[in-house]
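Biologist: I am new to this model and would like a close look at one part of it. Please start with a single helix contact and then work outward from there.

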Amino acid sequence: MVQSSAFSDSSLIGPLMVDVEGLTLTDEDRRLLANPLVGGVILFSRNYADHQQLHDLILGMRRCNENLLIAVDHEGGRVQRFRDGFTRIPPMRYFGELYVSDKTKSIALAKECGWLFASELRAFDIDFSFAPVLDLDYGISSVIGDRAFSGDASIVSTLANALIEGMREAGMASTGKHFPGHGAIEADSHIALPVDDRPYHDIQAQDIESFKQVMAGGLNAIMPAHVIYTDVDDKPAGFSTFWLKDVLRKQLVFNGVIFSDDLTMEGASVAGGYAGRAESALVAGCDMILVCNNRAGVFEALEYLVQSNGKEIDSESSRRLNAMKGGEALTLPVLTLSELRKSERWLSAAAALQQ
């Protein structure tokens, strides 16, 4: 296990997000999560069996590291890690299709959907879900597809802002993905290195517009795409200072968190081994990097952080990451799931979605 005793300030959040093996924590998991360079953990379907097990797992994680950010991909449709015992969330395309015929109802339902899934996750002390998807659906990308609200940036931003409003009311921060847009290419960055040859002007006028409008509504975090946009850079967006520092930070004045996408994905392989991937993502401007489903890769990234990233955790990144912690709900206090399901708000939201 990589040691990092030099990092003594327990109030700071480390820059590495990892996964754990199964339904309970192993001794190695516990040692890993206790490392101050590890600031987050992402849960997968393999980490969930039932409500009590999930409660116990998260409680064990908190005991390892009280500052840990606990996240999950729970955006709806194909990407919902916890299913049995949780409300099934429709794919976001549903709201975009409804918007065409009934704008008012679509916006209201998107808000209720955001509140519903966020309140259920917060009931287990999960800080946030990596949602919403802000990519445009061009009818090309199978990995995006019905995860996107629409191919129209104004519809995407309107519905995403409604979803985020609901999440915020439940005490959950939001993460827009996959900047600057993954919807215009066929290749899946999980298994390939996608390349987008469109002119920068087109990407700026179309794909970035949905991100820009949602940032204005209070988006908390961004996850860049493992996609190379050849008109401006030979690196994927998540490793590109142009996209993260020049465009996101300077042009769009985005002050929230930048999460890398998973560095074990094929789209990240262009940066070399896991030490190289970690270095490239952090130097480009990421506040937190994800290394999942490859424990050897986690240790390699940790070794890089100890040897090369110096004596302390970046305080500015830690400040931004602190804003991702689950907060108090604006409408109902954070309840257990059984208590939540007895509330009038939950019953109303669940009934609306079930229709």
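Which residues in helix 1 meet which residues in helix 10?

Modeller: This is a predicted model, in which local features need pLDDT of at least 70 and side-chain atom pairs count only at pLDDT 80 or more, while totals for chains, interfaces and linings use all residues. Residues are numbered from 1 along each chain as its sequence is written, and side-chain values use heavy atoms, with hydrogens and water left out.

Now your contact. Glu28, Asp29 and Leu32 are the helix 1 side. They meet Arg295, Val298, Phe299 and Leu302 in helix 10. Contact here means heavy atoms within 4.5 Å. The residues divide into four nonpolar, no polar and three charged. In this count Asp, Glu, Lys and Arg are charged; Ala, Val, Leu, Ile, Met, Phe, Trp, Tyr, Cys and Pro are nonpolar; the others, Gly among them, are polar.

Helix 1 covers residues 27–34, and helix 10 covers residues 295–308. Both are DSSP runs numbered from the N terminus (H or I, at least four residues, for helices; E, at least two, for strands). Their axes are 13 Å apart, and the packing angle is about 30°. Axes are lines fitted to C-alpha atoms over the stretch in contact, with angles from 0 to 180 degrees between N-to-C directions. Helix 1 and helix 10 are therefore roughly parallel to each other (angles under 35 degrees; over 145 is roughly antiparallel, 65 to 115 roughly perpendicular, the rest oblique). The crossing is left-handed, meaning the near helix is turned anticlockwise from the far one by less than a right angle; clockwise is right-handed.

Just before helix 10 comes a loop that starts after strand 12 (288–290), and Asn293 lies in it. Phi of Asn293 is near 65°, a positive value in a residue other than glycine. Asn293 has a relative accessible area of 46%, so it is partly exposed. The cut-offs are under 20% for buried and over 50% for exposed, with partly exposed in between (1.4 Å probe, protein chains only).

Asp125 also has phi near 65°, positive though the residue is not glycine. Asp125 sits in the loop between helix 4 (103–122) and strand 6. At a relative accessible area of 33%, Asp125 is partly exposed.

Next, a second helix pair. Helix 5 (residues 153–169) and helix 7 (residues 207–216) have axes that come within 8 Å. They cross at roughly 35°, and the crossing is right-handed. From helix 5, Ala153, Ser154, Val156, Ser157, Ala160, Asn161 and Ile164 take part. From helix 7 come Glu209, Ser210, Gln213 and Val214. This contact has five nonpolar, five polar and one charged residue.

Take Ser210 in helix 7. Its relative accessibility is 0%, so Ser210 counts as buried. Beyond four places in sequence, Ser210 touches Leu134, Leu136, Ala153, Val156 and Ser157. Pro15 is 195 residues from Ser210 in sequence and 27 Å away in space, C-alpha to C-alpha.

Now two charged residues. Lys177 is in strand 7 (residues 175–179). Lys177 is buried, with a relative accessible area of 2%. Its side chain makes polar contacts with the side chains of Asp73 at 3.2 Å and Glu75 at 2.9 Å. A polar contact is a pair of N or O atoms within 3.5 Å; within protein, one must be able to donate a hydrogen and the other to accept it, and residues adjacent in sequence count only if both atoms are side-chain atoms. Beyond four places in sequence, the contacts of Lys177 include Phe130, Pro132, Leu134, Arg147 and Phe211.

Pro132 lies in the loop between strand 6 (128–129) and helix 5. The peptide bond from Ala131 to Pro132 is cis, with omega near 10°. Another cis bond runs from Phe179 to Pro180, with omega near 0°. Pro180 is in the loop between strand 7 and strand 8.

Last comes Arg198, in the loop between strand 8 (195–196) and helix 6 (200–205). Arg198 counts as buried at 16% relative accessibility. Its side chain joins that of Tyr138 in a polar contact of 3.3 Å, and that of Asp196 in one of 2.9 Å. Outside its neighbours within four places in sequence, Arg198 also has contacts that include Ala184, Ile203, Asp207 and Asp231.
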